[in-house]
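Here's a quick briefing to read alongside the structure. Take a look at the fold first, then work through the notes below.

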Amino acid sequence: MDELVVQTKGLTKRYGDGDSGRLAVDRVEMTVRRGEVYGFLGPNGAGKTTTLRMVLGLIRPTAGSATVLGRPAGEPAVTERIGALIEGPGFYPYLSGRDNLRTMARYRALPEAMVDAALERVDLADRGKDKFKSYSLGMKQRLGVAAALMGDPDVIVLDEPTNGLDPAGMADMRGLIVELARGGQTVLLSSHLLAEVEEICDRVGVIARGQLLVESTVSALRGGRRLRITATPTDRAIAIAMRLAGEDAVQLSGDAILVDVPPERTPHVVRAFVTEGLDVHEVTISERTLEEVFFEMTRSGEHVHAADDLTSSLEAVR
Ligand SMILES: Nc1ncnc2c1ncn2[C@@H]1O[C@H](COP(=O)(O)OP(=O)(O)OP(=O)(O)O)[C@@H](O)[C@H]1O
């Protein structure tokens, strides 16, 4: 069985007292497995940072619990095994990147050799001598990750690690995260960017208004691959596709119809269209993006409010 590195049960945080307080995190049940990159995805204000702070033991839950590596969050033995970059790294601007890390290493009684190893891993060894204030935002974030890596933690928690970075800086950071996971470390990151989570995460937890809506692998969330067919007349194409695959398995997307059938059934579907005298213009196999999944969640009604939030946050970040 996969080892659970992070597990929350009924995790709840209310800021302020009584009914007038703000329910920031509402009974979240989250599981992060060893060696995976887990994306905690949600719009601004959804409760991501608050949840991560509870997982790190920085704030206490109002109710419920978080365990890390099987121990209660916040226990010193657990804290030593987590590296975190949360709400921007705090560094001395007039010290070099290397000296900043040295100061931290001394404070945490870590061997100095860890400093260079950490700089190496985030690709900052060449710039280690330069003052922190001369770094680009991407370099500052990478130094933050280097700080999180010192002590060789089992779990790395990154709160919006690409926030504010330019596209090249974002790509660098994503590459770094994937490398960390390849090296066997478990990464829990938060993001409001669907594409980012889709690109680098193995599993995803979607949070909106403090509630975890779904937790799943990216591929399961997307569902299987589908056929995208352009055939005319379209109304007859829809009718035939529905007959072959069932009503729920057919959807119209612009001029094309999307049919939920396994790709190996492509010849069967195309043959049926041609036999019925339809003109088949194009057949491709399409994979749903997470973005499509969320739009579908919006339409489904069940999670309509939460998904609305996601939709508007998507629009905001476009
Ligand atoms: N210290 C605090 N006191 C009162 N309310 C807070 C505090 N911290 C967060 N909140 C509120 O709790 C809710 C969740 O905030 P949180 O920062 O966890 O969300 P988030 O998903 O990380 O969003 P963002 O990406 O904008 O940081 C928000 O409504 C926020 O205003």
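Right after helix α3 comes Ala109, with a positive phi near 55 degrees. Keep in mind that this is a predicted model. The notes below start with α3 itself, then move on to another helix and the domains.

**Helix α3: two sides**
- α3 runs through residues 97-107, and its buried residues are Gly97, Arg98, Asn100 and Leu101.
- Those four share one side of α3 because they span an arc of only 160 degrees around the axis.
- In general, an α-helix has 3.6 residues a turn, so residues three or four places apart point the same way.
- Flip to the other side of α3 and you'll find Arg106 and Tyr107, which are exposed.
- What sits over the buried residues of α3? The cover includes α4 (113-121) and α5 (137-149).

**Helix α1: mostly covered**
- α1 takes in residues 48-55, and eight of its eight residues are buried.
- Going by name, the buried residues of α1 are Lys48, Thr49, Thr50, Thr51, Leu52, Arg53, Met54 and Val55.
- Following α1 is Gly57, whose phi is positive, near 75 degrees.

**Domains**
- The domain assignment splits the protein into domain 1 (4-220) and domain 2 (224-286).
- How far apart are the C-alpha centres of domain 1 and domain 2? They lie 44 Å apart.

Technical notes. Residues are numbered from 1 along each chain as its sequence is written. This is a predicted model: local features need pLDDT of at least 70, side-chain atom pairs count only at pLDDT 80 or more; totals for chains, interfaces and linings use all residues. A residue is buried if 20 or more other C-beta atoms lie within 10 Å of its own, exposed if 12 or fewer, and partly exposed in between; C-beta atoms are placed from the backbone. Helices (H or I, at least four residues) and strands (E, at least two) are DSSP runs, numbered from the N terminus. The arc is that of the directions from the helix axis to the C-beta atoms. Two residues are in contact if their C-beta atoms, placed from the backbone, lie within 7 Å. Domain bounds come from an automatic or database domain assignment.
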